[in-house]
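This report goes through a two-chain model, from overall dimensions to single residues. The sequence and the structure come before the description.

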Amino acid sequence: MDPAFLAVQALSGLSSASSLFITACGLTIVFGVTRIVNFAHGSLYMIGAYTAATLVPRLLELSFGPVTFWAGILASALIVGVIGVIIEVLLLRRIYGAPELFQLLATFGVVLVVQDLVVQVFGPQDILGPRAPGLRAPVEILGRRFPSYELVLIAAGPIVLGLVWLLLRKTRFGVLVRAATQDRDMVASLGVNQALLFTGTLFLGAFLAGLGGALQIPRVSANTGMDLSIIAEAFVVTVVGGMGSVPGAFLAALIIGQLQAFGILIFPKSTLVVVFLLMAVVLAIRPYGFFGRAEVIGGTHAVGIASRTPLPGRSLILLVVVAILAAFPLVADAYLLKVATEILIFALFAFSLQLLIGVGGIVSFGHAAFFGLGAYGAALAVKWYGVSMEAALPLGLALAALGAALVGAFVVRLSGIYLAMMTLAAAQILYAVAFQWVEVTGGDNGIVGVWPSPWAGGPVPYYLLTAALTVVTVLLLKRIIDAPFGYSLRAARDSEARAEAIGLKVRQHRWLAFTIAGAAAGLAGGIYAFSRGSVDPSLLGISTSVDALTMLLLGGIQTVMGPLVGAAVLHALRDWIMPLTSLWRLLLGLSIIAMVLIFPRGLVGTVRDRWEARA
Amino acid sequence: MTLLAVNGLHKSFGGVVAARDVTFTVARGEMFAIIGPNGAGKSTVFNMVGGQLEPDRGQMLLDGQDITHASPQKRFRRGVGRTFQVAQTFLSMSAAENVQMALISCYRQSNGLWSPARDRHREKALELLSRVGMAEAADVPCSALAYGDVKRVELAIALAGQPKLLLMDEPTAGMAPRERAALMDLTASIAESQGIGVLFTEHDMDVVFGHAARVLVLLRGQIIASGTPDEVRQDEQVRRAYLGDEHALERPKGMSPA
């Protein structure tokens with residue numbers, strides 16, 4: 001192979017490694033001190049890019065030159081740092097003690113809020129930034145042209161590493177950051193002003209995210225998709241390097257940069273897959289990344305359902321619910337039936353996640369993977385083999401169960417935040433496959449023409465079919481939750497040491513739970529595919545996973561039936577509010593944050609507690 | 001008759017030797033205590049016997065069967081029950097359900113998907129709870145129990161597996177003095193009546209000398225004395241380790257700098 005080509009590939013790999021490291025370094029420092037995985041880190045990166053792309057051209061009009069350019073970049077990063085402080089003071093400060101799931105969801109709420117705010121402030125168009133003065137001409141490397149700005153970026157990574165190293169080694173702030181990374185409680189008991197330390201850390205982290213984003217403007221235009229694409233990569237870098245480890249992040253960024261540069265030669269379309277496969281392999285060998293340590297997971301982090309005495313007259317309640325569901329087509333029009341069908345589908349999807357999170361304490365952040373696998377499995381069976389709905393639904397379910405069994409085999413070894421990241425990675429890999437394997441999956445357009453069998457074709461029969469499948473599956477899952485298997489999952493969640501000491505095979509149980517939950521989610525996905533007549537990659541995306549988590553949170557994570565109510569409420573709200581406003585994501589994000597802060601028990605949990613307090 | 005035989009157990013963490021050539025035996029129905037100052041290696045030895053830590057060298061035999069490399073789950077099946085320094089119970093379940101869970105596992109029903117867990121082995125669980133004096137609290141959630149009561153429930157859980165050997169890591173830590181004696185009296189009577197060997201670590205010397213038939217003293221990972229409580233009490237080295245004098249902190253001969 002042409003050596004010049006290889007050299008240029010390696011160099012561009014180095015420059016993307018630098019950008020990635022600068023951003024991921026902020027994420028890992030913030031995690032080290034606050035133990036919060038900040039989903040909004042990608043949003044800060046995006047704000048940095050937008051700010052710089054807007055600010056720097058104005059500054060260059062005033063006085064053209066390299067000094068102005070770099071001063072503008074730094075100023076943008078500082079502005080983002082201040083935004084980070086605001087986020088810390090308003091939100092993060094209130095959730096340091098909350099369970100991981102709530103932290104992840106709350107910071108994801110920030111992601112949603114920022115997405116709409118960025119459009120409001122900077123407009124919907126992509127903004128192409130100016131090229132750096134003095135670095136416009138490419139340089140020749142072995143006879144090939146290479147952008148000189150990329151060379152500056154290559155240097156920027158090690159420079160930031162050096163400066164961060166100096167900051168952490170030579171300043172009092174740095175000593176405190178390192179101490180807090182090792183043992184936060186000890187630092188607190190030594191009388192260190194924690195509030196100031198955490199705020200300072202967030203400033204540093206946000207500054208680095210902003211810098212990473214601002215440095216991109218001569219290469220790519222600022223756009224609204226930047227936040228989620230960088231956060232996925234930054235997660236991989238921090239997880240592979242070991243959460244909280246700056247050198248680990250540097251090493252991981254180097255490896256990932258090269259993998260991306262040369263992965264193109266092997267899998268031209270799917271560098272993302274290569275990156276996430278790396279993460280899967282590293283975590284399979286070293287469950288805490290290169291330089292990470294085992295997370296101490298306290299009992300307070302396991303929230304979930306507890307034993308309750310069965311409600312008297314519960315079979316009567318069930319009968320009433322079934323009767324209402326069955327009678328609904330008598331009063332509802334076609335539109336309402338469609339909404340009700342979707343609500344039932346998402347209720348089943350959310351309920352399958354409750355088996356993992358509420359019962360097993362397994363915080364999966366990629367449950368959409370199995371929903372999507374079920375949908376694609378059914379759709380592919382229809383498209384390529386022409387099978388009927390009756391055969392396609394079980395095939396979708398089987399594909400989802402198989403996928404969940406595979407993913408589960410990897411993730412049950414992990415715990416806490418590593419597990420959440422790994423499930424997210426698995427969903428992202430599948431998303432990339434669905435998106436990029438155009439010949440089979442139809443790529444972005446997905447697959448159309450997935451229609452139910454004639455007998456189930458109309459809105460009423462399909463609604464009834466959905467209701468029947470949902471009710472039966474929910475009852476089966478409920479049975480499992482109350483059976484010894486569900487209790488074993490709860491036992492492992494409450495105390496892994498105790499569960500092992502009474503002979504429970506914790507991993508085996510978790511793996512089975514993963515498979516069952518995946519199968520149920522796959523059934524929901526298959527029904528969804530036939531209800532819409534089509535599938536597309538968004539079914540596997542982060543936002544679908546977060547939808548399910550939001551339903552859990554809204555209904556109440558400590559209640560068995562909460563997710564069903566949460567699904568109904570979220571879906572109804574979305575149907576009602578979304579047509580009225582362009583700021584749906586802002587509203588959803590703020591609602592998620594508000595729920596975590598003031599309403600963590602969810603609807604059903606709150607009602608139940610009121611009820612019990614009165615009794 | 002020997003129940004547990006521990007032979008030449010060795011464990012180091014980096015440069016720190018936490019257990020060096022630890023050898024002892026526990027007989028059926030015997031209360032056997034491991035004591036030592038903080039950092040002596042008690043918990044290390046304990047967790048190697050419990051299967052939470054893998055020893056670097058050495059061998060453990062339970063009833064003549066090698067359990068050196070067995071997982072905690074396998075040890076449970078061979079007849080090892082244990083309690084933890086900080087009591088470990090299932091806080092989302094009632095006291096009875098905690099014990100039922102152990103019974104369900106004992107009868108290998110933990111993969112059962114159909115009939116409800118709360119109806120299984122309830123009679124047996126209540127009987128075990130009444131044995132530790134917790135029958136009244138059977139339906140109270142574990143999260144609502146006082147710590148001393150949680151420790152009793154934990155003992156009932158450990159007994160549910162019909163253990164031959166009961167491991168108790170600081171069984172009375174965090175309990176009021178009167179509760180301590182009561183819990184250990186209870187343990188001793190159960191151990192004696194069922195021929196269970198009890199291996200425990202303890203800081204409270206009243207508990208140790210009041211209940212242990214034999215005592216092993218560890219210092220910096222090494223056995224410095226073992227015997228009946230009276231023999232140990234008279235031992236010069238033990239007195240020095242516990243009471244302290246100008247030699248107490250000297251490194252014993254032949255030990256590499258840690």
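The text below takes chain A, then the contact between the chains, then the sheet, a hairpin and one helix residue of chain B.

**Chain A as a whole**

The model is predicted. Chain A contains 25 helices and four strands. Along the principal axes, its C-alpha atoms fill a box of roughly 75 × 60 × 50 Å. The radius of gyration of chain A is 25 Å, which agrees with the value near 25 Å expected for a compact globule of 615 residues. Of these 615 residues, 53% count as buried. When contacts in chain A between residues at least 6 apart in sequence are considered, 81% join residues at least 24 apart.

**Helix H23 of chain A**

Helix H23 of chain A covers residues 562–577. Its 16 residues should span 22 Å at 1.5 Å a residue, and the end C-alpha atoms are indeed 22 Å apart, so the span agrees with expectation. The buried residues in H23(A) are Gly562(A), Pro563(A), Leu564(A), Val565(A), Gly566(A), Ala567(A), Ala568(A), Leu570(A) and His571(A). Their cover includes helix H13 (334–359), helix H22 (542–555) and helix H25 (602–614) of chain A.

**A loop residue of chain A**

Thr309(A) lies in the loop between helix H11 (271–285) and helix H12 (314–331) of chain A. Is Thr309(A) buried or exposed? Thr309(A) has 8 other C-beta atoms within 10 Å, and because the limit for an exposed residue is 12 or fewer, Thr309(A) is exposed. The C-alpha atoms of Thr309(A) and Arg608(A) are separated by 13 Å, with these positions 299 residues apart along the chain counted as their distance apart.

**Where the chains meet**

On the side of chain B, 32 residues are in contact with 25 residues of chain A. Helix H2 (72–78) and helix H3 (95–106) of chain B each supply at least two residues of the side that touches chain A. H3(B) gives the largest share of that side, six residues. By residue class, the side of chain B that touches chain A divides into 16 nonpolar, 12 polar and four charged residues.

**The four-stranded sheet of chain B**

In chain B, four strands form an open sheet in the order E2-E1-E4-E5, with antiparallel pairing. Strand E2 (16–27) and strand E5 (65–66) of chain B stand at the edges; each has a single partner strand, so one side of each is left without a neighbour in the sheet. Strand E1 (residues 2–13) of chain B is joined to strand E4 (residues 57–62) of chain B by five bridges. The antiparallel pair E1(B) and E2(B) has eight bridges. Leu4(B) has a bridge partner on each of these strands: Val26(B) in E2(B) and Leu62(B) in E4(B). Val6(B) stands opposite Met60(B) in E4(B).

Helix H1 (residues 42–50) of chain B packs on the sheet and touches E1, E2 and E4 of chain B. The direction of H1(B) makes about 120° with that of E1(B).

**Two hairpins of chain B**

Strand E9 (residues 214–219) and strand E10 (residues 222–227) of chain B run antiparallel and are joined by five bridges. The bridge partner of Val217(B) is Ala225(B) in E10(B). The table sets the hairpin of E9(B) and E10(B) beside that of E1(B) and E2(B).

| Hairpin | Residues between the strands | Residue with positive phi | Phi |
|---|---|---|---|
| E1(B) and E2(B) | two residues | Gly14(B) | near 60° |
| E9(B) and E10(B) | two residues | Arg220(B) | near 45° |

**A residue of helix H5 of chain B**

Asp149(B) is placed in helix H5 (residues 147–160) of chain B. Asp149(B) has 19 C-beta neighbours inside 10 Å and therefore counts as partly exposed, the limit for a buried residue being 20 or more. Which residues does Asp149(B) contact, leaving aside its neighbours within four places in sequence? The contacts of Asp149(B) are Met134(B) and Ala137(B). Between the C-alpha atoms of Asp149(B) and Pro163(B), 14 residues apart along the chain, the separation is 21 Å.

Technical notes
Residues numbered from 1 in each chain as written. Chains lettered and ligands numbered in written order. Predicted model: local features only at pLDDT ≥ 70, side-chain atom pairs only at ≥ 80, totals over all residues. Expected span 1.5 Å × (residues − 1). Contact = placed C-beta atoms within 7 Å. Nonpolar A, V, L, I, M, F, W, Y, C, P; charged D, E, K, R; others polar. Pairing = 2+ DSSP bridges. Axes fitted to C-alpha atoms, helices over the stretch in contact; angles between N-to-C directions. Rg over C-alpha atoms; globule rule 2.2 N^0.38 Å.
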